[in-house]
Amino acid sequence: MSEAFKSQPATISKADVVSNSDTEKTASLVNGIIRLTYFESILQDSIKASVIFSDAGNAIDGKSVVEGLPLIGTEDFKLEMMDNNDEKLKVSMVVNSMTPLYEDGSKNVINLSLVSEEFLRNEMGESRCRSRFNGNISDNIEKIFKDRLKSTKKLDIERTSNDYNFLGNGRKPYYILNILSKQSIPEGGEDGSAGFLFFETADGYHFKSIDKLFDKQQKKSYVFNNSTDAKEGIPAGYDGKILQHQADSSINVQSKMNMGAYKTKLVMFDPYNCKYAVDEKTAEEAVDKKKVKLAGKGLPVFNEKFKTPTKDFTRTTFMMIDSGTLPSGATEEQIKENQKDNFKSAQTLNQAIRRYNQLFSSMMQITIAGDFSLHAGDVIFVDIFSVKGEKDDTVNKESGGLYIIADLCHYVDSAGTYTKLNLARDSFGRKGNHSRR
């Protein structure tokens, strides 16, 4: 980070690694840490961290950390640190890999790759999903976390409006959880919206719909202007300054059309009664029906020459209706439901395709002074001062507004602490106000 940008180092109060062979044997890396990076993402199943430390010896029984523990992988790692606003970050992780970066006769420099416990437990045979799962998807999400991953972490699970019966078939929990995310409908979003995200933050695991993530008050507001000091010159109503900023709001129209971000066609065939059906939907219809919560003012407006009287789909998907598949209940109940479809493709499939492809319509990358209160999935408000503005309070009405934190990285070393955020939203135009009052 350039000297022009100022942010004080964070305080790392605990960085303890526990021996596998003797749990009473613990090594503190606090005084030897050279650089620490911590990662969260709404597209990442696990939190991750990287700790580079100097292993100078005499850490345990007169030996280095690597030799004294010994350090080989899967060790418990306790991390606690605090930023300059007294916001704390506290996580328990495990060592996934150890990579020597430098070695000589006096010291070693080691890079530890850290992941959550569930990330490794996901690979174990006992965690595989082998049974049948019935009922509401949210209930099965919780069951997989507790019964298969043995997780004791906080679970923030949003209720889905649809049921889905399925067989685990020996698949890994993370695989099943991500499959279920694509097949889930939020409450109130029937026939207009679908698609959830499964991810982890320092607060626990989250299973949230895209609409629910956007439909909440911003956690903090940040502004980008000419000042490069993290604390000086913050306008009223904002929580902090953006030290570095790079916008990427360009839309590859051909790619969005190809992926079906705005107009889709679903062709369905039911082998039970040999019925054939076609369902065409547009993103605008879902917005008009208030089935979708947009972060910006509206969807992009394209050239009139590409508009047609019909819906004019840009992506077609084909689906075989699974009537009578895996019905719930006793034999008589199953017979009564022998024509009921299990996966609600007409209400789910193309709706999820559109929402996932709209999510990253407008993107921005910013760097701020270290802020450990922020997490992936949080909504923040960003204002960028307009290039042509002559007044100090002139902000860009197109790029400013609400964004979701898609990716987060806390960077900590002896020179300072910074938080880099990849921001995303599904629409365009500044909506709302930077002040939370």
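Helices and strands here are DSSP runs, numbered from the N terminus, with at least four residues for a helix and at least two for a strand. With those labels, G62 falls in the loop between β4 (48–55) and α1. The model is predicted, so please keep that in mind as you work through the exercises.

**Exercise 1. Get an overview of the chain**

Describe the secondary structure, the extent and the burial of the protein chain.

*Solution.* Start with the elements: the protein chain has nine helices and 21 strands. Next, take the extent along the principal axes, where the C-alpha atoms fill a box of roughly 75 × 65 × 35 Å. Then turn to burial: of the 437 residues, 49% are buried. Finally, look at the contacts between residues at least 6 apart in sequence; 69% of these join residues at least 24 apart.

**Exercise 2. Characterise a helix pair**

How do helix α3 and helix α4 pack, and which residues meet?

*Solution.* Two packed helices are described by the angle between their axes and the distance between the axes. Find both helices: α3 covers residues 137–148 and α4 covers residues 173–182. Their axes are 11 Å apart and form an angle of about 165 degrees. Angles over 145 degrees count as roughly antiparallel, and α3 and α4 are therefore roughly antiparallel to each other. The crossing of α3 past α4 is left-handed.

Now list the residues. From α3 come I137, I141, I144, F145 and R148, and from α4 they meet P173, I176, L177 and L180. Sorted by type, the residues of this contact comprise eight nonpolar, no polar and one charged.

**Exercise 3. Place S193 in its surroundings**

Is S193 buried or exposed, and what does its side chain contact?

*Solution.* First locate S193, in the loop between α4 and β11 (196–201). The cut-off for buried is under 20% relative accessible area. S193 has a relative accessibility of 2%, so it counts as buried.

Next, look for polar partners: the side chain of S193 makes a polar contact of 2.3 Å with the side chain of D211. Leaving out residues up to four places away in sequence, S193 touches I185, P186, D211, K291, V292, Q347, Q351 and R355.

**Exercise 4. Examine Q358**

Which residues does Q358 touch, and where does Q358 lie?

*Solution.* Begin with the element: Q358 lies in helix α9 (residues 345–358). Its relative accessible area is 3%, so Q358 is buried. Its side chain is joined to that of R355 by a polar contact of 2.8 Å.

Then go further along the sequence. Not counting residues up to four places away, Q358 touches A261, Y262, A283, R425 and D426. For Y262, compare the two separations: Q358 and Y262 are 96 residues apart in sequence and 7.8 Å apart in space, C-alpha to C-alpha.

**Exercise 5. Check the backbone geometry**

Where is there a cis peptide bond, and what is phi at C274 and K290?

*Solution.* Most residues other than glycine have a negative phi, and most peptide bonds are trans. Look at the peptide bond first: L69 and P70 are joined by a cis bond, with omega about -10 degrees. P70 sits in the loop between α1 (65–68) and β5 (76–82).

Move on to phi. At C274, which is not a glycine, phi is positive and near 60 degrees. C274 belongs to the loop between β15 (263–270) and β16 (275–282), and with a relative accessible area of 56% it is exposed. K290, also not a glycine, has a positive phi of about 60 degrees. K290 is in the loop between α7 (283–288) and β17 (315–320) and is exposed, with a relative accessible area of 68%.

**Exercise 6. Set sequence separation beside spatial distance**

How many residues and how many Å separate G62 from D203, V253 from M320, and V395 from D270?

*Solution.* Use C-alpha to C-alpha distances throughout.

- G62 is exposed, with a relative accessible area of 54%; G62 and D203 are 141 residues apart in sequence and 37 Å apart in space.
- V253, in helix α6 (residues 253–259), is partly exposed at 33% relative accessibility; V253 and M320 are 67 residues apart in sequence and 30 Å apart in space.
- V395, in the loop between β19 (379–384) and β20 (401–413), is buried with a relative accessible area of 10%; V395 and D270 are 125 residues apart in sequence and 53 Å apart in space.

Methods
Residues are numbered from 1 along each chain as its sequence is written. This is a predicted model: local features need pLDDT of at least 70, side-chain atom pairs count only at pLDDT 80 or more; totals for chains, interfaces and linings use all residues. Side-chain values use heavy atoms; hydrogens and water are left out. Axes are lines fitted to C-alpha atoms, for helices over the stretch in contact, and angles run from 0 to 180 degrees between N-to-C directions. Angles under 35 degrees count as roughly parallel, over 145 as roughly antiparallel, 65 to 115 as roughly perpendicular and the rest as oblique. A crossing is left-handed if the near helix is turned anticlockwise from the far one by less than a right angle, and right-handed if clockwise. Contact means heavy atoms within 4.5 Å. Ala, Val, Leu, Ile, Met, Phe, Trp, Tyr, Cys and Pro count as nonpolar, Asp, Glu, Lys and Arg as charged, and the others, Gly among them, as polar. Buried means under 20% relative accessible area, exposed over 50%, partly exposed in between (1.4 Å probe, protein chains only). A polar contact is a pair of N or O atoms within 3.5 Å; within protein, one must be able to donate a hydrogen and the other to accept it, and residues adjacent in sequence count only if both atoms are side-chain atoms.
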